[in-house]
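Please walk through this protein with me, beginning with the space inside it and moving on to its rings and loops.

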Amino acid sequence: MRIPVLVAAVCLMPMLGLADLSWHKFGVSGGDTNTIRIDRLSLSITTREVREAAFREDYLVLTVHHPGQNGREYWFTSSYGFGEIAVQGDLLLLRYGVGRGTLVRVEHVRVLRLASLDELVDVQSTYYVLTDPKESEPELVRYRLRIQTESAYTTLIFTLPAPRRGLPSEKIVTLKHDA
């Protein structure tokens, strides 16, 4: 009787670590500030002053406030000043845009260590693909992100909804937790 229970527990254990992310949108321009609360964290996104920048709203500062601590800053760019943030365990995920213009902006997911805001990985998560040469506009293809957490590792799994010629159907990134 114990063996089937043990086998079922071992087989189902990886699925218990799967997480659905709760993405929080932000959008800033001019001197705007967006403040997002996730559990006990306060995350503020604001524009930063950059001289001679063609698109000033693209230059942003993310400030992470842990309770009872001074805020930590992370400087980044995101086209048009918008994106999304999610927190998963000790990781902060930042979905942001690169490129400006019609059918140009693509999204990336950057993963930061929440405590230090050190950048761990950056993965392009959308692409424009010309599916029909007779059509003038390419199709936007978006990878789905799934996260699996096990004892010492977190795995990010980016998958396409359907196979696409010229694109990997899956991108996998495994990150080791801080000790």
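The lining of the largest cavity is made up of four nonpolar residues, one polar residue and two charged residues. The model in which this cavity appears is a predicted one, and a search of the whole structure finds one cavity of 30 Å³ or more. The space in the largest cavity comes to about 30 Å³, and the residues that line it are R95, V109, S125, R142, Y143, L145 and F158.

With that interior space located, the overall architecture can be set around it. The secondary structure of the protein consists of one helix and 15 strands, and buried residues account for 40% of its 179 residues. Of the contacts in the protein with a separation of 6 or more, 35% are between residues 24 or more positions apart.

One lining residue, Y143, leads from the cavity to the aromatic rings. A search of the whole structure finds four aromatic pairs, and one of the pairs is formed by Y127 and Y143, whose rings meet edge-to-face with 6.0 Å from centre to centre and 65° between the planes. This pair links distant parts of the chain, since Y127 belongs to strand β11 (residues 126-129), while Y143 sits in the loop between β12 (139-142) and β13 (144-149), 16 residues apart. Y127 and Y143 are both buried. Y143 also has a charged neighbour, for K171 lies over the face of its ring, at 4.7 Å from the ring centre. An arrangement of this kind is found again at F55, where R100 lies over the face of the ring, at 3.8 Å from the ring centre.

A further group of rings brings together F26, Y74 and F76, which ring pairs link into a cluster. Among the four aromatic pairs found in the structure, that of Y74 and F76 is stacked, with 6.2 Å centre to centre and 20° between the planes. Y74 and F76 are both buried. F76 is found in strand β6, which covers residues 72-77, and because its relative accessible area is 3%, F76 falls in the buried class, for which the limit is under 20%. Leaving aside residues up to four places away in sequence, F76 touches F26, I45, R48, D58, Y59, L60, V61, L62, L94 and R110. With one of these contacts, V61, the C-alpha separation is 6.3 Å, although F76 and V61 are 15 residues apart along the chain.

What does E84 touch, if residues up to four places away in sequence are not counted? The contacts of E84 are W23, H24, K25, F26, L93, L94 and R95, so that F26, a member of the ring cluster, and R95, one of the residues lining the largest cavity, are both found among them. E84 itself is found in strand β7, residues 82-88, and its relative accessibility of 15% is why E84 counts as buried. E84 and R95 are eleven residues apart in sequence, and their C-alpha atoms are 5.0 Å apart in space.

The loops hold two residues whose backbone deserves attention. Most residues other than glycine have a negative phi. Y80, however, has a positive phi of about 70° although it is not a glycine, and Y80 lies in the loop between β6 and β7. Its relative accessibility of 34% is the reason that Y80 counts as partly exposed. L103 likewise has a positive phi, here of about 55°, and is not a glycine; its place is in the loop between β8 (91-98) and β9 (106-113). Because its relative accessible area is 32%, L103 is partly exposed.

Is D20, the last residue to consider here, buried or exposed? At 79% relative accessibility, D20 counts as exposed, and it is found in the loop between β1 (18-19) and β2 (24-27). The C-alpha atoms of D20 and R146 are separated by 6.9 Å, whereas along the chain D20 and R146 are 126 residues apart.

How values were computed: Residues are numbered from 1 along each chain as its sequence is written. This is a predicted model: local features need pLDDT of at least 70, side-chain atom pairs count only at pLDDT 80 or more; totals for chains, interfaces and linings use all residues. Side-chain values use heavy atoms; hydrogens and water are left out. Rings of Phe, Tyr and Trp (its six-membered ring) pair if their centres lie within 6.5 Å; planes under 30 degrees apart count as stacked, over 60 as edge-to-face and the rest as tilted. Buried means under 20% relative accessible area, exposed over 50%, partly exposed in between (1.4 Å probe, protein chains only). Helices (H or I, at least four residues) and strands (E, at least two) are DSSP runs, numbered from the N terminus. A charge sits over a ring if NZ of Lys or CZ of Arg is within 6 Å of the ring centre and within 35 degrees of the ring normal. On a 1 Å grid over the protein atoms alone, a cavity is a set of points where a 1.4 Å probe fits but cannot get out, and a pocket is an open set with protein on both sides within 12 Å along at least five of seven lines; lining residues have an atom within 4 Å of a point. Grid points are joined across faces, edges and corners, and a volume is the space filled by probe spheres set on the points. Ala, Val, Leu, Ile, Met, Phe, Trp, Tyr, Cys and Pro count as nonpolar, Asp, Glu, Lys and Arg as charged, and the others, Gly among them, as polar. Contact means heavy atoms within 4.5 Å.
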